[in-house]
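Got the viewer open? Let's take a walk through this one, stop by stop, selecting a few residues at a time.

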Amino acid sequence: MLTALVIDDEQFAREELATLLEETGEIEIVGEAPNAIIGLKKINELKPDVVFLDIQMPQITGLELLSMLDPENMPFVVFVTAYDQYAIEAFEENAFDYLLKPVEPSRLTKTVQKLTRTVKKQSAPQNLSALAPEKLCQIPCSGHNRILLIPIDQVESVYSDISGVHVHTADKTPTTQLTLKTLEEKTPLLRCHRQYLVSVNHISEIKLLENGLAEVITASGFTIPISRRYLKTLKEVIGLTG
């Protein structure tokens, strides 16, 4: 039996689809999410085989969520959309499958049959790069019982430690579900250390240390280590030579 997560901001649509899926006897619903931010967290925690993903959601769309997933651990994605026939040509060419709202049980049965034939045979992740936006314009974060969307231009640095991945701005440091690898690939943030990314626009000073090491001081006074392997690239990006 395949495990599935349903992400849809409409509660009735989410619950109805979950019920229809369980009635097939082939799908186990391991979770539901009312938005992309909670959905991202549950994807990382539950690691479902399949995600049934609504496209049109507030704040972060289903397609933007794709940009936040690790390509190497991508679940199969079935899009759930209210788009008309002309707008779904891209899904026909690039997506594993899609369902039109309201979901018809007969159409859902065909999707589930396709999933059961394909998912267990295909170990390589789904390639959805043609549908996902190339860059992120904001980073979803959580902190103190709230969800934050941090615009990229406010981010000074991102770093990881044993408790997670943290987004540092001038006045706060919330935690994100995104990986450093995803943020490096999908934002202008530059790698300067195995555990740190930095925004070039927020560098106030670079201190050169012994043994080829260095430190970045950000505009807010935050200190970031620079390892030897990244120092040359960082200096080149900001226009320093030698």
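Where is Pro 102 found? Select Pro 102 and you land in the loop between E5 and H5. Keep in mind as you look around that this is a predicted model. Now add Lys 101 to the selection: a cis peptide bond joins Lys 101 and Pro 102, with omega at about -10°.

**Stop one: the parallel sheet**

From that loop, step back into the sheet that E5 belongs to. Colour the strands E2-E1-E3-E4-E5 in that order and you have an open sheet of 5 strands with parallel pairing. Strand E2 (27–33) and strand E5 (97–100) are the edge strands, and each of them pairs on one side only. Look along the sheet and you can follow its twist, which averages 25° from one strand to the next.

Zoom in on one pairing. Select residues 76–81, which make up strand E4, together with E5: these two pair in the parallel sense over 4 bridges. Show Phe 79 and you'll find that Phe 79 stands opposite Tyr 98 in E5.

Next, bring in the helices. Select residues 11–23 for helix H1, which packs on the sheet and touches strand E1 (2–7), E2, strand E3 (50–54), E4 and E5. The direction of H1 makes about 165° with that of E2. Then select residues 105–118: this is helix H5, lying across E1, E2, E3, E4 and E5 and running at about 165° to E5.

Before you leave, go back to Tyr 98 and show Arg 107 as well. What sits over the ring of Tyr 98? The charged end of Arg 107 does, 5.6 Å from the centre of the ring.

**Stop two: two residues with positive phi**

Here's a quick detour into two loops. Select Lys 47, in the loop between helix H2 (36–46) and E3. Its phi is near 45°, a positive value in a residue other than glycine. Is Lys 47 buried or exposed? At 61% relative accessibility, Lys 47 counts as exposed.

Now pick Gln 59, which has its place in the loop between E3 and helix H3 (62–67). Phi of Gln 59 is near 70°, again a positive value in a residue other than glycine. Gln 59 counts as exposed too, at 57% relative accessibility.

**Stop three: the antiparallel sheet**

Move along the chain and colour E13, E14 and E15. These 3 strands form an open sheet in the order E13-E14-E15, with antiparallel pairing. Strand E13 (203–208) and strand E15 (223–226) stand at the edges with a single partner strand each, so one side of each is left without a neighbour in the sheet. The twist here averages 25° from one strand to the next.

Select residues 214–218 to light up strand E14, which runs antiparallel to E13 and is joined to E13 by 5 bridges. For one of these contacts up close, show Leu 208 and Ala 214: Ala 214 in E14 is the bridge partner of Leu 208. Then add residues 228–237. That's helix H7, which lies across E13, E14 and E15 and runs at about 110° to E15.

Now click on His 202, in the loop between E12 and E13. At 18% relative accessibility, His 202 counts as buried. Leaving out residues up to four places away in sequence, His 202 touches Asp 153, Gln 154, Val 155, Glu 156, Ile 217, Thr 218 and Ala 219.

**Stop four: aromatic rings**

How many aromatic pairs does the structure hold? There are 2. Show Tyr 159 and Tyr 196, which form a stacked pair, 5.6 Å centre to centre with 20° between the planes. The pair links distant parts of the chain: Tyr 159 is in strand E8 (residues 157–161) and Tyr 196 in strand E12 (residues 196–198), 37 residues apart. Both Tyr 159 and Tyr 196 are buried. Add Phe 222 to see one aromatic cluster made of Tyr 159, Tyr 196 and Phe 222.

**Last stop: the cysteines**

Finally, look for disulfides: the count comes to 0. Why is Cys 141 not bonded to Cys 137? The sulfur of Cys 137 is the closest cysteine sulfur to that of Cys 141, but at 13 Å it is too far for a bond. Cys 141 is buried, with a relative accessible area of 2%. Cys 192 is in no disulfide either, as the nearest cysteine sulfur, that of Cys 141, is 18 Å away. Cys 192 is buried as well, with a relative accessible area of 0%.

Definitions and conventions:
Residues numbered from 1 in each chain as written. Predicted model: local features only at pLDDT ≥ 70, side-chain atom pairs only at ≥ 80, totals over all residues. Heavy atoms only, no water. Pairing = 2+ DSSP bridges. Axes fitted to C-alpha atoms, helices over the stretch in contact; angles between N-to-C directions. Contact = heavy atoms within 4.5 Å. Phe/Tyr/Trp six-rings, centres within 6.5 Å; stacked < 30°, edge-to-face > 60°. Buried < 20%, exposed > 50% of the residue type's maximum accessible area, 1.4 Å probe, protein only. Lys NZ or Arg CZ within 6 Å of the ring centre and 35° of its normal. Disulfide = S-S within 2.5 Å.
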